[in-house]
Every structure is written in C-alpha cells, then in structure tokens.
Amino acid sequence: MRQILIMIWIMISFGGLSQNKNDSNEIKVKKVVTQFFEALNKQDTTLYKNIVLLDGQIWSINNTMKSSNISMRFFRDDILTFNPAEIWEEIPLSFDIKIHNGIAMAWVPYQFRVNGKFTHCGIDIFTLTETKMGWKIINTAYTKYLEGCDQLK
C-alpha cells in the first residue's frame, strides 16, 4: 500500500512540475490580455502603457462596410482616441493562447459596445513577448463585423 501511495505521489509531483511553467505563463499572458480589455473599458492610460510596448502596432480589418478597410496605428497613438465621454465595453468571449520560448499569441473573439449599444464584434489577435518586466503586448490585429457574432464564440 505504501509503495502505491509513493508512486501516486511521484506521478502527481512530476506531472505538476512538467506543466507548471506553461500553465503559469498562460495565466500571465491571459492576465495581460484581460488587462488590455480593462484598460480600454476604463480608458486607463496608465494601465495601457504598462502592458503594451508603445511602438507596437495595431492593425484593424474593418468588415462593416461593403469592402474591407485595413488600417494601422501605433499603441502610442491609440491612447489619444480614449474618450471619457463614452463608455466602452470590449467583452472577450473566449481565449486561445499559444506560447513558445518567450513569445505568445492570444486569439480572442470579442463583442464591442459603446454606451451600452452593440457596435461590432470580431477577433482580436495579440502578440506578446516576455520581457524583464513581464509579458508585454507588442502587436495586435483585429477584425470588425456587424453580423455573425454568435459564431465567434
């Protein structure tokens, strides 16, 4: 009986160790992505600056018109669009996170509301890198749709 308990303890111990670093990084990456949504929703420029590299790029693929419109801006310029007169709600629907050797990607379907009114939905794709100060978002791209939102979950 004692040998069985020791074997079970060894399997649990080593099983936990082999997944710990990846699980830990996934939690950290998800936290940064969640903080991104929090920064947008609260229009918190201080939090925003702490989780992104300001020279990083934001790519937008707007599919709300007859033809797609692709645009790019930098995180440092995005802060200028914060508008305290509006209540923004970007709501993540799920998270799919991939990590390898200091780089991570998060695929996050979302819905967006302004002052409680639905404006669009889409997919956010975040690229992150691990720095001395923790995980930082270095790039993001997102799509915008008016229809098909129930299929994004």
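Here is a short walk through the model, one selection at a time.

Before you click, note that this is a predicted model, where local features need pLDDT of at least 70, side-chain atom pairs count only at pLDDT 80 or more, and totals for chains, interfaces and linings use all residues. Residues are numbered from 1 along each chain as its sequence is written, and side-chain values use heavy atoms, with hydrogens and water left out.

**Whole chain.** Start with a cartoon view. You'll find three helices and seven strands, in the order α-α-β-β-α-β-β-β-β-β from the N terminus. Helices here are DSSP runs of H or I with at least four residues, and strands are runs of E with at least two, numbered from the N terminus. Of the 153 residues, 31% count as buried, meaning under 20% relative accessible area with a 1.4 Å probe, protein chains only (exposed is over 50%, partly exposed in between).

**Strands E5 to E7.** Now select 103-114 (E5), 117-131 (E6) and 134-144 (E7). E5 and E6 pair antiparallel over 12 bridges; pairing takes at least two DSSP bridges between two strands. Click Gln111 and look across to Cys121 in E6, its bridge partner. The E5-E6 hairpin has two residues between the strands, and Asn115 in the turn has a positive phi of about 50°. Next door, E6 and E7 run antiparallel with eight bridges, and they too form a hairpin with two residues between them. To check the register, pick Phe126 and its partner Thr140 in E7.

**The largest pocket.** Its volume is about 370 Å³. Of its 19 lining residues, select the closest to the centre: Leu40, Arg73, Glu90, Phe112 and Tyr142. A pocket is an open set of points on a 1 Å grid over the protein atoms alone, where a 1.4 Å probe fits, with protein on both sides within 12 Å along at least five of seven lines; lining residues have an atom within 4 Å of a point. Volume is the space filled by probe spheres set on the points, which are joined across faces, edges and corners. Helix H1 (2-42) and strand E3 (88-92) are among the elements that each supply at least two lining residues.

**Arg73.** Finish by zooming in on this residue, in strand E2 (residues 69-74). Is Arg73 buried or exposed? Neither: it counts as partly exposed because its relative accessibility is 25%. Leaving out residues up to four places away in sequence, Arg73 touches Gly56, Gln57, Ile58, Ser60, Asp78 and Tyr142, where contact means heavy atoms within 4.5 Å. Draw a C-alpha distance from Arg73 to Ser60 and you should get 8.6 Å, for residues 13 apart in sequence.
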